[in-house]
Amino acid sequence: MFYDYLETPIGRLLLAADSEGLRHIDFATSKYPTSLGADWQRDAASLRPVAEQLNAYFSGELQDFALSLSPRGTPFQLSVWQNLCAIPYGTTISYGELARRVGNAKASRAVGAANGRNPIPIIVPCHRVIGNDGSLTGFGGGIDTKRQLLALEQNRSGLFA
């Protein structure tokens, strides 16, 4: 596993990937932090494409990421995360709508739990899921970070440029 850190307008991010693709993005204040493995190697060059695309995203120049992703999770979690990737840039959906898209309209809580365990936030855009009443709820990077990401996408010109 290779890792590096990226300084961004929303704080320092831990990036981690293996030969299959990006496995983790962690916020400095992550609810479920990734522990560095004893065999992990710091390697900025291996993560340069991720860093470049994240920097372009934060400057408002990139809306769709083109990276190999390799999240690990249960089949249900993987289904939720795949559905997150189908939410268009600059839009939001509710947990109830995401549950419907996953195939079980009554699974809002389970969808919320899977959303909260997303190991690749921002690129797998869990920040685009909001409460049924339109409120901003739960986010591993904190509600203020979620608000900033949504504002960036709705502005489209680069909130942080």
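This passage describes the domain arrangement, the salt bridges and the annotated active-site residue of a predicted model.

In the domain assignment, the protein chain is divided into domain 1, which spans residues 2–59, and domain 2, which spans residues 75–156. The centres of domain 1 and domain 2, taken over C-alpha atoms, are separated by 20 Å. To the contact between them, domain 1 contributes 15 residues and domain 2 contributes 17 residues. Domain 1 and domain 2 bury about 1,300 Å² between them, and 69% of this area lies on carbon and sulfur atoms. On the side of domain 1 that touches domain 2, the elements that give two or more residues are strand S3 (21–27) and helix H1 (48–58), and the largest share of that side, 5 residues, comes from S3. As for polar interactions, 2 residue pairs are found in polar contact across the interface of domain 1 and domain 2, whereas the count of salt bridges between domain 1 and domain 2 is 0.

In total, the count comes to 9 salt bridges in the model. One of these is formed by Asp18 with Arg72, for which the closest N and O atoms are 3.8 Å apart. Because Asp18 lies in strand S2 (residues 11–18) and Arg72 in the loop between H1 and helix H2 (75–84), this pair ties together parts that are 54 residues apart in sequence. With regard to solvent exposure, Asp18 is buried, with a relative accessible area of 17%, which places Asp18 under the 20% limit for that class, whereas Arg72 is partly exposed, with a relative accessible area of 42%.

Arg72 also forms a salt bridge with Glu20, the closest N and O atoms of this pair being 3.4 Å apart. Here too distant parts of the chain are linked, since Glu20 is placed in the loop between S2 and S3 and Arg72 in the loop between H1 and H2, at a separation of 52 residues.

A further salt bridge is found between Arg100 and Glu97, with the closest N and O atoms 3.2 Å apart. Arg100 and Glu97 are 3 residues apart in helix H3 (residues 95–102), so about one helical turn separates them. Arg100 counts as partly exposed at 48% relative accessibility, and Glu97 is likewise partly exposed, with a relative accessible area of 25%. Turning to the wider arrangement, salt bridges that share partners join Asp18, Glu20, Arg23 and Arg72 into one network.

The remaining position considered is Cys126, which is covered by the annotation "active site" in an unreviewed UniProt entry; such an annotation may be inferred rather than shown by experiment. In the model, Cys126 lies in the loop between helix H4 (108–116) and strand S6 (129–130). Cys126 has a relative accessible area of 6% and is therefore classed as buried. When its neighbours within four places in sequence are left aside, Cys126 is in contact with Leu84, Asn115, Asn118, Pro121, Phe139 and Lys146.

Terms used:
Residues numbered from 1 in each chain as written. Predicted model: local features only at pLDDT ≥ 70, side-chain atom pairs only at ≥ 80, totals over all residues. Heavy atoms only, no water. Helix = DSSP H or I, 4+ residues; strand = E, 2+ residues; numbered from the N terminus. Buried < 20%, exposed > 50% of the residue type's maximum accessible area, 1.4 Å probe, protein only. Contact = heavy atoms within 4.5 Å. Domains from an automatic or database assignment. Buried area = accessible area lost by both parts, 1.4 Å probe. Salt bridge = Lys/Arg side-chain N within 4 Å of Asp/Glu carboxyl O. Polar contact = N/O pair within 3.5 Å; in protein donor to acceptor, adjacent residues only side chain to side chain.
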